[in-house]
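Colleague: I would like to go through the internal cavities of a model with you, and then its cysteines and domains. Could you put it on the screen?

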Amino acid sequence: MPYIANTDADRQVLLETIGCRDFAEMWQRSQVVVPEPPLANIPSGMSEFEVLSKLRRLAAKNAADLHIFLGAGYYDHIIPAAVGEITGRSEFYTAYTPYQPEASQGTLQAIYEYQSMICRLTGMPVANASLYDGGTALFEAMMLAIRATRRRQVVVSEAVSPIFRTMLHTYSRNLNIDLIQIPAGTADSNQRQLLNAVSDRTAGVIVQYPNFFGTIEDWEDFNAQVHAKKALTVGSTYPVALALLTPPGELGFDIVTAEGQSLGSHLNFGGPYLGVMAVTETLMRKMPGRVCGRTADAAGKPGFVLTLQTREQHIRRENAMSNICSNENLCALTALVYLACVGKQGLVQVAELCAAKAAYARELLLAIDGVEAVGGEAFFNEFVIKLPGDAAEAVGKMIDKGFAAGFPLGIYYPDRKDQLLVAVTEKRTKEEIKALATALEAVL
Amino acid sequence: MNMKLIFDRGQTGRRGSSLPAMDVPAKTAVPERFCRKTPAELPEVSEQDVIRHYTLLSRKNMGVDTNFYPLGSCTMKYNPKLNERAAELPGFTDLHPLLPQLRLGGALTQGALEVIYETQRLLCELLGFADCTMQPLAGAHGELTGVMLIAAYHKARGDQARKVMLIPDAAHGTNPASAMVSGFTTQTIATDAAGNVDIADLKKHLGPDTAGLMLTCPNTLGLFDPQVEEICRLVHAAGGLNYCDGANQNAVMGRVGPGLLGFDVMHVNLHKSFSTPHGGGGPGAGPVMVGECLVPYLPVSRVEKRDDGTYTLRYNCRDSIGYIAPFYGNFGIILRAYAYMLTLGREGLKRVGENAVLNANYLRVKLAPYFAQKVDRPCMHECVLSATPQAKKGVHALDLAKALIDRGFHPPTMYFPLIVPEALMIEPTETESRETLDEFINALIEIVKLAETDPEAVLACPLTTPVRRLDETQAARHPDLASV
């Protein structure tokens, strides 16, 4: 039997020791008296070779060699070979949550270093050990603002990822939360309307930086004005962009969240991903999720432990800060090793390549007859263009030519059916970008 | 061994990886006023620095691949390497999650959609349910989803009074936390002397305000409650629904299908019973299976199989609770669990529960004479022993655990469930051999004897690890959470 070490002879000895004739008697003694399920439609097991062959065939049925200009929060970045080498070490991936710190200093120091990396990147003083993904991190940020202010209204910009906003909506249905969504401008977050919506009932304002359309906006004044009304500011961000952009911690954000997939994780068709959260000093003890702290052992040697655990469910049960029990530890390790590999200069170089290639791509695309700009005065590596016809239809034709040309905004924004969100990373060559423009011109 | 952070290593100008040269004009659309004044203070290390630093760190860890790891309720079974190879296939790793939402994009993700669909089908068959969602990203996330489905069900019937979720006192803390996040209040139900749900206490609390019951089955004491079918009937009769916390499914893998016992909704942990790695604390997955009455409320999008054998995603489900994850779930984890179920097949899955329970009962019979037990009866896949005899002499469950570390074993779960004093919850899993169990038994007995003759020696443990016992009070009082 696969992965079961004991033989029939071993089992005989064990059964004798516990005083049972056979398994039937064992189940009986353990009071498992309910009927067995038939399991008729579960096939017989296969050998390792056969399973791998089958899965290779399934993998081959998926896209191969697609030129990816599709982002919308999930980006096709270069992943250094060293990353997989470390995350593939089974001392890391077959370990449990580090509740026995003396036997888990590897995991714990890695978490501490990851938290430190996030603080350095975002300019915030405190980060947790990660949450499930960028969307649940944003929900947890919303709940944190509500707990901290004891107010129940939240203002969200529609320039925040619609994928995340859908999740916010799902989680809020059963809670007494007043979620106000403010429509976006052409490619901006419509800061004026957002501010108008903030009152003394507002717990927090949620914005995205750069926003979902790729636009970079000035948040410093905005955040100051929100603070004047005693509400908190939440910024959902793109970690690679922070290599170039003013860190959110210097702009007055109280809570910073992000989808961390872009830091060394594959696209992975939906997960696993990485929820990043960082907060101000004031919010530290209300922050959800695991957190690792540095301390000393009985002999004065430095070491690491999970800490501030009285916030968590195993202690506070229904009074816990959230129901989140887990982090995405291996994904946090991935991000850590990625950031160590690319390093201080390397991440800047990644970001510069992304930004330059995106600017170049936009230039070529706007040169196509009928393609128009939408916003675009300030963007990182993602921008919106307006096509002469339906963007979804154009994208379908581009798929045929081997391009994932972008994200048709009409899927989530009904009045933007002719708009396409295009992302460019350091992985896209000049030739690919030229080919994209040529193909799109042919298709339109 | 000198403990350096990665930030303590390297030199200015060092780089760990190379990037392609700039092949387009360097001009960007990032205005100067939005730029950082100085780069983020990330390390400047070579690739060798990175590899040495993290390889050395990894060697400070215990994992299933290096040590017997009998953490009760965590199911630390062997993580098959086939699953890791499968999850690395570029046809899976390079797939953008939004591809199926692009016209003609669905055709480029058929292999991935088949993996998700088939995993759903296998789980439904194995556990006795009508349908399934793979979206929940962890066990607690699955719990939350399950409870939200129950909330949606009552809301759809206009049953506004059903605000209370019944939860046994032995339950894991995530149960009441999930109920709270779904807008419910909780009512604790007592456990009787036999370790089962106190039926009288349950009946007392059933009423028109009952939304449902959350039951861990087998329960957190490692016991199978023979009243389970009656409990489910009682809750249904009162108008509530039954949620099964499947964290302990390994005990009854192939032997019990909770959907056939009266449970309306259940979650399992792929990183427990289905062999996907724990990762040091994630990523996991907590798929949720439902009976017919809850199918309309399942999250979107849903993977479906057309008559022509192709796969598609359905978004327009009017009564769905919405998206609880950004996409289809943790695909990389789902893929590993699928590989596992393909490898085991019907027969292999049936053997899991049997061997897990046999191993745990063997440990119980050998170790029980040295400990107390809250309930002295045959267990399921884990046994709960109480170190109260040792505690009387000043050696607590925690001390026994630390002594095990020195002898090369990861300790069992300590102090859970809360209703057992000085608890040690030992779950060997089916993948461990008889000789490993014997080594563990001998080591623990040796420690218990040492606690009698030389308690100080036990209290000093661990002595062989990279650090000794750590000051957790200090860590909480003066938090040092980052090096900046």
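Colleague: Which element gives the most to the lining of the second largest cavity?

Modeller: Strand E4 of chain B, residues 210-216, gives the most, with 3 residues. Please keep in mind that this is a predicted model.

Colleague: How much space lies in that second largest cavity, and which residues lie nearest its centre?

Modeller: The second largest cavity holds about 160 Å³ of space. Its lining is made of 20 residues, and those nearest the centre are Pro168(B), Val197(B), Leu215(B), Thr216(B) and Asn219(B).

Colleague: How do the residues of that lining divide?

Modeller: For the second largest cavity, 13 are nonpolar, 6 polar and 1 charged.

Colleague: How many cavities of 30 Å³ or more does a search of the whole structure find?

Modeller: The search finds 10 cavities of 30 Å³ or more. The volume of the largest is about 230 Å³. It is lined by 21 residues, and Gly73(A), Tyr75(A), Gln208(A), Thr237(A) and Tyr238(A) are the closest to its centre.

Colleague: Which elements give two or more residues to that lining?

Modeller: Two strands of chain A do so: strand E6 (232-237) and strand E7 (255-259). By residue class, the lining of the largest cavity has 9 nonpolar, 10 polar and 2 charged residues.

Colleague: Where does the largest cavity lie with respect to the domains of chain A?

Modeller: It lies between domain 1 (67-76 + 343-443) and domain 2 (81-339) of chain A, because both domains give residues to its lining.

Colleague: Let us change topic. How many disulfides are there over all chains?

Modeller: The count is 0 over all chains, with a cut-off of 2.5 Å between cysteine sulfur atoms.

Colleague: Why is there no bond for Cys119(A)?

Modeller: The closest cysteine sulfur, in Cys292(A), is 12 Å from the sulfur of Cys119(A), which is too far for a bond. Cys354(A) is in no disulfide either, and its nearest cysteine sulfur belongs to Cys35(B), 14 Å away.

Colleague: Is Cys119(A) buried or exposed? And what about Cys354(A)?

Modeller: Cys119(A) is buried, because its relative accessible area of 3% is under the 20% limit. Cys354(A) also counts as buried, at 0% relative accessibility.

Colleague: Lastly, which domains does the assignment give for chain B?

Modeller: The assignment gives domain 1 (1-9 + 34-51), domain 2 (82-343) and domain 3 (353-477). Between the C-alpha centres of domain 1 and domain 2 of chain B, the distance is 41 Å.

Notes: Residues numbered from 1 in each chain as written. Chains lettered and ligands numbered in written order. Predicted model: local features only at pLDDT ≥ 70, side-chain atom pairs only at ≥ 80, totals over all residues. Heavy atoms only, no water. 1 Å grid on protein atoms, 1.4 Å probe; cavity = no way out; pocket = protein on both sides within 12 Å on 5 of 7 lines; lining within 4 Å. Points joined across faces, edges and corners; volume = space filled by probe spheres on them. Helix = DSSP H or I, 4+ residues; strand = E, 2+ residues; numbered from the N terminus. Nonpolar A, V, L, I, M, F, W, Y, C, P; charged D, E, K, R; others polar. Domains from an automatic or database assignment. Buried < 20%, exposed > 50% of the residue type's maximum accessible area, 1.4 Å probe, protein only.
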